[in-house]
Amino acid sequence: MAQTVITISTNGQGLYEFTAEADGFVRASGVAEGLLTVFVRHTSASLIIQENADADVKRDLHAFFHRLVPPSSDPSMSWVVHTMEGPDDMPAHIKAALTQVSLGIPVMQGRLALGTWQGLYLFEHRDRPHRREIVLHLGS
């Protein structure tokens with residue numbers, strides 16, 4: 001078993017890839033077969049596995065979630081009560097609830113068993129910069 005925490009500095013909403021950091025952690029552990037559990041320690045950010053070859057995918061995902069859950073200042077969100085932290089706060093919690101805060105990735109032959117175009121991403125849902133902590137836990 002091995003465990004570490006990585007910190008990702010964000011500069012607003014979007015996808016922040018951390019595949020290389022996770023893969024480096026797995027390689028350094030010496031574990032050949034196992035499961036990497038990835039957990040984000042926040043309620044207004046989430047984790048996804050997504051294509052890492054075409055930047056348009058990241059832009060389209062951001063646009064989709066913005067249309068699905070606009071800021072609370074949008075008239076369609078007039079029902080939102082939690083607004084003390086700004087118009088992006090409650091929508092960020094909703095987006096995190098719709099996605100995932102933990103992922104499980106198999107480890108095979110000492111490497112993450114991701115597909116060719118798959119990458120691990122922190123999905124930041126807040127407008128302003130944050131420092132997000134991600135726990136990596138590797139069990140064999």
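Colleague: What makes the three strands S2, S7 and S4 an open sheet, and which are the edges?

Modeller: In this predicted model, the order runs S2-S7-S4 with antiparallel pairing. Strand S2 (14-17) and strand S4 (45-51) each pair on one side only, and that makes them the edge strands. From one strand to the next, the twist averages 40°.

Colleague: How do you know that S4 and S7 pair?

Modeller: Two strands need at least two bridges to pair. S4 and strand S7 (residues 118-124) have seven bridges, in the antiparallel sense, so they pass. One place to look is Gln50, which stands opposite Gly119 in S7.

Colleague: What packs on that sheet?

Modeller: Helix H2 (residues 55-68) does, touching S2, S4 and S7. The direction of H2 makes about 135° with that of S4.

Colleague: And S5 with S6: what makes them a pair?

Modeller: S5 and strand S6 (residues 111-112) share two bridges, antiparallel again. The cut-off is at least two, so they count as paired. Val107 has Leu112 in S6 as its bridge partner. Two residues sit between the strands of this hairpin, where Gln109 takes a positive phi near 55°.

Colleague: Which strand pairs with S5 over six bridges?

Modeller: Strand S3 (residues 34-40), in the antiparallel sense. There, Val38 stands opposite Leu103 in S5.

Colleague: What makes you say that the side chains of S5 alternate?

Modeller: Walk along strand S5 (residues 102-108): Leu103, Ile105 and Val107 point to one face and are buried. Ser102, Gly104, Pro106 and Met108 point to the other face and are not buried.

Colleague: Over to helix H1. Why do you put its buried residues on the same side?

Modeller: The buried ones in H1 (residues 19-29) are Thr19, Ala22, Asp23, Phe25 and Val26. They cover an arc of only 155° around the axis, so they lie on the same side of H1. Ala20 and Ala28 are exposed on the other side. After H1 comes Gly30, with a positive phi near 80°.

Colleague: What about H3, which residues are buried there?

Modeller: In helix H3 (residues 89-98) they are Asp89, Pro91, Ala92, Ile94, Lys95 and Ala96. S4 and H2 are among the elements covering them.

Colleague: How many residues are in the largest nonpolar core, and which have the most contacts inside it?

Modeller: That core has 23 residues, and Phe18, Leu36, Val38, Leu122, Ile134 and Leu136 have the most contacts inside it. At least two residues each come from strand S1 (2-10), H1, S3, S4, S5, S7 and strand S8 (130-139). There is also a second, separate core of six residues, including Leu15, Ile48, Leu61 and Tyr121.

Colleague: What does Leu136 touch?

Modeller: Setting aside residues up to four places away in sequence, its contacts include Ala2, Ile6, Phe18, Phe25, Leu36 and Thr37.

Colleague: Why is Thr37 called partly exposed?

Modeller: Its relative accessible area is 30%. Buried would need under 20% and exposed over 50%, so Thr37 falls in between. Thr37 belongs to strand S3. Beyond its neighbours within four places in sequence, Thr37 is in contact with Leu103, Val135, Leu136 and His137.

Colleague: Now the aromatic rings. Why is the pair Phe64 and Phe65 called edge-to-face?

Modeller: The ring centres are 5.4 Å apart, and pairing asks for centres within 6.5 Å. The planes stand at 85°, and over 60 degrees counts as edge-to-face, so the label fits.

Colleague: Are Phe64 and Phe65 buried or partly exposed?

Modeller: Phe64 has a relative accessible area of 47%, so it is partly exposed. Phe65 comes out at 10%, under the 20% limit, and is therefore buried.

Colleague: Which ring does Phe65 pair with in strand S7?

Modeller: Phe123, again edge-to-face, at 5.2 Å centre to centre with 90° between the planes. The pair links distant parts of the chain, with Phe65 in helix H2 and Phe123 in strand S7, 58 residues apart.

Colleague: Why does Phe123 count as buried?

Modeller: Its relative accessibility is 3%, and buried means under 20%, so Phe123 qualifies. Together, Phe64, Phe65 and Phe123 form one aromatic cluster.

Notes
Residues are numbered from 1 along each chain as its sequence is written. This is a predicted model: local features need pLDDT of at least 70, side-chain atom pairs count only at pLDDT 80 or more; totals for chains, interfaces and linings use all residues. Side-chain values use heavy atoms; hydrogens and water are left out. Helices (H or I, at least four residues) and strands (E, at least two) are DSSP runs, numbered from the N terminus. Axes are lines fitted to C-alpha atoms, for helices over the stretch in contact, and angles run from 0 to 180 degrees between N-to-C directions. Contact means heavy atoms within 4.5 Å. Buried means under 20% relative accessible area, exposed over 50%, partly exposed in between (1.4 Å probe, protein chains only). The arc is that of the directions from the helix axis to the C-beta atoms. A nonpolar core is a set of buried Ala, Val, Leu, Ile, Met, Phe, Trp, Tyr and Cys residues joined through side-chain atoms within 4.5 Å. Rings of Phe, Tyr and Trp (its six-membered ring) pair if their centres lie within 6.5 Å; planes under 30 degrees apart count as stacked, over 60 as edge-to-face and the rest as tilted.
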